[in-house]
Amino acid sequence: MPDTPTSHATQHEFKAEVSAVLSLVTNSLYTNREIFLRELISNAADALDKARFQGLTDRELEGKELAPKISITSDKQAGKLIIEDTGIGMSEEEVTRNLGTIAHSGTLEFLRRVQSDQAEGKKPDLNLIGQFGVGFYSAFMVADRIDVYTRSAHPGNPSVHWVCADPGRFSVAPADKETRGTRIELTLKDEAKEYLDRWRIEGIVRRYSNYVMHPIELTAIKDDGEADGETKQINEASAFWAREPKELTEEDYKEFYKHVMGGFVLPGDEPIARLHVSLDAPLQFKALLYVPGRAPADLFLEDRKSVQLYARRVLIVENCDKLLPLYMRFVRGVVDSEDLPLNVSREMVQEDRKISAIRRQLTRKVFKALEDLAEDSEKYAKFWESFGAVLKEGVHTDNSHHKQLFELLRYRSSTSDGALRSLQQYVDGMKEGQEAIYYISGENVDAVARSPHLEACRAHGYEVLFMTDAVDEWVLQELGEYKEHKLVSVTQGELEMPADESADEEKPDSEDSKDADNIDALLKKAKDVLGERVKEVRASKRLRESASCLVDAEGAISRNMERILRMAKQSVPARARVLELNPKDAFVQAANELASASPDDARLGTWVELLYDQAALAEGEIADPAGMVKRIQQMLLQVAKQG
Ligand code: ADP
Ligand code: MG
């Protein structure tokens, strides 16, 4: 393009605010310079959209025969990067206004904040930069001279050459561009020559502009002026999510999932569920989301991947965690809205309101998808194994969705033989006369399944839910009851249960059985021996086979919670627990007899200690294993001598 004679050029000063923005852009936003290309491509795509749209109604519009496309030329010989489109173009009046003022009042304020963050040594929020792109002016991060040649598609507008070569002013002059559209030539700064590299350009385009609907072609010219390879299209130019679900094949969905997951998917890791959403009110947006087939490794990390946010098919936030509640962070995919500005919005508050409107809708959709998934217990089990612990966080953090969340909870139980049970299934399977939903919390299924605390429930055929995720303790704080059945821990408080049927048959005389069960002498002796180590020693209603167990006092935090808090390095004051002895156990009865007859017998001390040891051992946590071995040794010796 020949240079326009300067005599015809009109000189303009940038408005003060533009100068301020320019100086901020060039000096402060250094961290994320590559977005300039995204901004220029999105402007070109907008211009193509406008031309297509106006061409529908305006018969006079020029250049309808031109193929809509965006051409990038990297010219190493000239040191220029050129972005050209066949879009709507600009008249002289438009170019002066559009590239000489700032339309968005929020821009300056936003950039000032970024600058002050940097001055204070804080890292500016790159997401925000992405979200509030800096538009055309971002090109000044990489270029020290920008030439714009543009011709409006509206007839009667001669083409113009806009040029800015030094800060503060630009000039506008006639040009001789013959076809409609805009050609932007960036003369790159020395330290920005990397943007002439074709791999670099392809990488940036794929990252931010892959799904821009118009083809983006790249031509590269080497230092010697020779072509560097063929001109070729470097973007996908088709946004899967923007199409109708019925237009898409399973292959398309698979392909896009691969893209979402960063390029490859191992066999067996195919998505568990997929949502393809298109909504128009109250806010227009489309979303294509997946529940991955395997828990991503970063699920519990602060800087994990998340959903990508697009505005009109241009990526604006790489990982936007505001689009779904945190407890749905396993969802991956894209959200794209026509209603979100690529650049700084006039009011950030309004911006936020739009995001939260999308979030409300998406949350509803994800719940719906999970409810559908739950119909298939096998698939849901796969989901639950990977993401159940994450979803459970919602019970603690999101009261407004308790109803949905409670229905989605699943637990293994004492009677489920490894299968997952819902609360509804539990309630449906309750025995006659059973009031409560029983649960046991602990470190893992193996440990809780063997716990002596289950014995009474087992005797009654009551199911006990196994709560073995750390987060269950927080779930329990919210899940006091389900469908009017209280949740009751079998390791806490005095477990009230109807008498065993079998026990009733054997001993119809309840007075008698009460006497037989009286172990007061032993209880008193045990409390004397154990002292401060136990809060209380009492006869147990929950034991059937075992002789003893330890339980938490009613209302106290559970031992499992204590364990979790300790793991999280929180200080937990040591608390004495309650020792329960089984009055029906033969050893307990023998000990009781001895305690009644001769409370000072030296053997009683060892026996009580052993009952305590057993209770601790059943929980897998014994404070003094060497002491226990010694006590067993003593007992064996006594038995051997008697024999
Ligand atoms: P935004 O795109 O948010 O409006 P920009 O700074 O990116 O802000 O662009 C400013 C304006 O310049 C655009 O709104 C548009 O009117 C005009 N413009 C920029 N690039 C082009 C182009 N390639 N073709 C036509 N008009 C353009
Ligand atoms: Mg723009």
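**View 1. Half in, half out: the whole protein.** Of the 643 residues in this protein, 50% count as buried. Keep in mind that you're looking at a predicted model. The accessible surface adds up to about 31600 Å², and 49% of that belongs to carbon and sulfur atoms.

**View 2. The overall outline.** Along its principal axes, the C-alpha trace spans about 120 × 50 × 45 Å. The radius of gyration is 36 Å, whereas a compact globule of 643 residues would come in near 26 Å.

**View 3. Helices, strands and who touches whom.** Try following the chain through its 21 helices and 22 strands. Now look at the contacts between residues at least 6 apart in sequence: 73% of them join residues at least 24 apart.

**View 4. The largest cavity.** The structure holds 2 cavities of 30 Å³ or more, and here's the largest, with a volume of about 80 Å³. Its lining includes Arg304, Ser306 and Val307, along with Cys320, Asp321 and Leu324. Pro325, Leu326, Met328, Arg329 and Val331 are also part of this lining. Sorted by class, the lining residues come out as 7 nonpolar, 1 polar and 3 charged.

**View 5. The second largest cavity.** This one offers about 30 Å³ of space. Around it sit Glu494, Leu495, Arg538, Ala539, Lys541, Arg542 and Glu580. What classes do the lining residues of this cavity fall into? There are 2 nonpolar and 5 charged residues, with no polar ones. As for how such spaces get spotted, rolling a probe the size of a water molecule over the atoms shows where empty space is left.

Terms used:
Residues numbered from 1 in each chain as written. Chains lettered and ligands numbered in written order. Predicted model: local features only at pLDDT ≥ 70, side-chain atom pairs only at ≥ 80, totals over all residues. Heavy atoms only, no water. 1 Å grid on protein atoms, 1.4 Å probe; cavity = no way out; pocket = protein on both sides within 12 Å on 5 of 7 lines; lining within 4 Å. Points joined across faces, edges and corners; volume = space filled by probe spheres on them. Nonpolar A, V, L, I, M, F, W, Y, C, P; charged D, E, K, R; others polar. Helix = DSSP H or I, 4+ residues; strand = E, 2+ residues; numbered from the N terminus. Rg over C-alpha atoms; globule rule 2.2 N^0.38 Å. Buried < 20%, exposed > 50% of the residue type's maximum accessible area, 1.4 Å probe, protein only. Contact = heavy atoms within 4.5 Å. Areas by Shrake-Rupley, 256 points an atom, 1.4 Å probe, with all protein chains shown as cover.
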